[in-house]
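User: I've got a model open and I'd like to talk it through with you, one question at a time. Can you take a look?

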Amino acid sequence: MIVFINDRLVDEKEAFIGISDLSVQRGFGIFDFFRTCNHVPLFLDDYLDRFYNSATQLRLEPPHSRADLRKIIFEMIDRNKIATSGFKLILTGGYSVDGFEPGKPNLIITQQPIEISPEERFEKGIKIILHEYLRDLASVKSINYMMAIYLRDKLVSKQADDVLYYKDDEVFEFPRSNVFVVTKHGAVVTPAENVLHGITRKKVLEIAGKKFMAEARMVTTEDLKDAAEVFLTSTTKRLLPVLQIDDVIVGDGKPGAITRALYNSFRKLEDEYCQRPFSPLS
Ligand SMILES: Cc1ncc(COP(=O)(O)O)c(C=O)c1O
């Protein structure tokens with residue numbers, strides 16, 4: 001696989017960064033992740049907006065302009081030839097003189113084949129557990145997934161598929177996905193604050209706003225308990241119905257009608273996008 005590191009495309013076996021990088025020393029850095037469908041980078045501009053936004057928030061300066069990044073991504077798509085893939089753009093804290101002060105960031109771009117959640121997964125839905133935790137600097141797509149990886153054993157022992165973070169009475173997000181609640185009155189809501197602004201979340205909110213009452217606002221654990229439907233959104237999972245939270249079944253234990261309608265509209269939007277030719281320049 002061809003990867004990009006700082007200023008050149010190289011074989012992944014030749015891509016290294018040094019041990020004084022703050023990502024290694026302190027877990028300091030940001031990244032973004034998008035996927036390609038039919039060799040087209042899905043919603044690329046939205047992901048690039050978020051990448052530069054995370055970098056700005058951590059005061060890291062990406063070594064390349066947006067136009068250059070588009071050209072690099074285009075070239076990798078052309079050379080790696082993987083129709084359905086995941087792209088990772090990682091921007092590290094850079095080489096630090098004292099192991100604490102940020103240096104000039106290193107940029108790594110990788111492309112890997114990925115599997116997207118199949119249709120059956122939607123029908124099966126997922127079981128989740130709750131965990132009290134709030135991510136640091138939640139609107140930054142940081143490379144730090146310490147709690148999520150730490151909680152893997154708990155998920156296995158509870159036979160759950162994912163964990164939803166909340167604090168006090170406020171619900172936030174999953175380690176790698178956003179959460180939506182459909183109220184008994186048919187309103188589609190997702191937490192507004194202290195979450196990563198997922199690109200799938202953004203698209204689903206736009207779609208939902210055309211057909212239903214939809215808003216980003218505070219979501220409480222009470223809202224979650226009272227919900228008619230609950231689902232998650234993410235780049236690789238699209239929309240997945242949550243059918244059980246801890247020991248409580250959500251709604252009638254089957255994917256809900258509104259979740260299904262949003263899933264179908266999202267698939268349509270995605271399919272249309274994936275038919276467009278991708279130009280590095282536009
Ligand atoms: C903390 C967090 N929340 C939400 C998401 C979902 O965002 P997206 O829809 O852009 O994949 C992610 C993605 O990895 C994430 O890391």
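User: Let's start at the beginning of the chain. Is V3 buried or exposed?
Analyst: This is a predicted model, so read everything here as computed from it. V3 sits in strand β1, residues 2–5. The cut-off for buried is under 20% relative accessible area. V3 comes in at 4%, so the call is buried.

User: Which residues is V3 in contact with, leaving aside its neighbours within four places in sequence?
Analyst: Part of the list is R8, L9, V10, D11, E12 and A15. The rest of V3's contacts are M76, I109 and T110.

User: And how far apart in space are V3 and I72, C-alpha to C-alpha?
Analyst: In sequence, V3 and I72 are 69 residues apart. In space, their C-alpha atoms are separated by 9.6 Å.

User: How confident is the predictor, and where is confidence lowest?
Analyst: Across the protein the mean pLDDT is 97, and 100% of residues reach 70 or more. The high end is strand β10 (residues 178–182), with a mean of 99. At the low end, with a mean of 95, is helix α4, residues 119–124.

User: How is the protein divided, and how far apart are the C-alpha centres of the domains?
Analyst: There's a domain 1 covering 2–113 and a domain 2 covering 119–270. Between their C-alpha centres you get 27 Å.

User: What area is buried between domain 1 and domain 2?
Analyst: Contact involves 19 residues on the domain 1 side and 20 on the domain 2 side. Interface size is often quoted as the accessible area lost when the parts come together. Carbon and sulfur atoms give 63% of that area here, and the total is about 1,700 Å².

User: Which residues in domain 1 lose the most area to domain 2?
Analyst: Three residues together account for 34% of what the domain 1 side buries. They are F31, R35 and R50.

User: How many salt bridges are there between domain 1 and domain 2?
Analyst: Polar contact between the two domains comes to 10 residue pairs. The salt bridge count between domain 1 and domain 2 is three.

User: Which element gives the largest share of the side of domain 1 that touches domain 2?
Analyst: Both β3 (29–37) and α2 (44–57) supply at least two residues of that side. The largest share is seven residues, and it comes from β3.

User: What does R50 pair with in a salt bridge, and why does the pair tie together separate parts?
Analyst: The R50 bridge has an N to O distance of 2.7 Å. R50 is in helix α2 and its partner D32 is in strand β3, so the pair ties together parts 18 residues apart in sequence. Both residues are buried. The partner, then, is D32.

User: Which residue forms a salt bridge with R267?
Analyst: The closest N and O atoms of this pair are 2.6 Å apart. R267 lies in helix α9 (residues 257–274) and E119 in helix α4, so the pair ties together parts 148 residues apart in sequence. At 43% relative accessibility, E119 counts as partly exposed. So the partner of R267 is E119.

User: Now E270: which residues does its side chain bridge to?
Analyst: One bridge of E270 is to R35, at 3.0 Å, N to O. In another, the closest N and O atoms of E270 and R238 are 2.9 Å apart. That second pair links distant parts of the chain, with E270 in helix α9 and R238 in strand β14, 32 residues apart. The names you want are R35 and R238.

User: How many salt bridges does the structure hold?
Analyst: The R50–D32 and R267–E119 pairs are among those we've been through. For the structure, the count is 18.

User: K81 and R238 each have a positive phi although neither is a glycine. Which one is buried and which exposed?
Analyst: K81, with a phi of about 50°, is in the loop between α3 (66–80) and β5 (85–92). At 61% relative accessibility, K81 is over the 50% cut-off. R238 has a phi of about 55° and is found in strand β14, residues 238–245. Its relative accessible area is 7%, so the buried one is R238, and the exposed one is K81.

Methods
Residues are numbered from 1 along each chain as its sequence is written. This is a predicted model: local features need pLDDT of at least 70, side-chain atom pairs count only at pLDDT 80 or more; totals for chains, interfaces and linings use all residues. Side-chain values use heavy atoms; hydrogens and water are left out. Helices (H or I, at least four residues) and strands (E, at least two) are DSSP runs, numbered from the N terminus. Buried means under 20% relative accessible area, exposed over 50%, partly exposed in between (1.4 Å probe, protein chains only). pLDDT is the predictor's confidence in each residue, from 0 to 100. Domain bounds come from an automatic or database domain assignment. Contact means heavy atoms within 4.5 Å. Buried area is the accessible area (1.4 Å probe) that two parts lose on being put together, summed over both. A salt bridge is a side-chain nitrogen of Lys or Arg within 4 Å of a carboxyl oxygen of Asp or Glu. A polar contact is a pair of N or O atoms within 3.5 Å; within protein, one must be able to donate a hydrogen and the other to accept it, and residues adjacent in sequence count only if both atoms are side-chain atoms.
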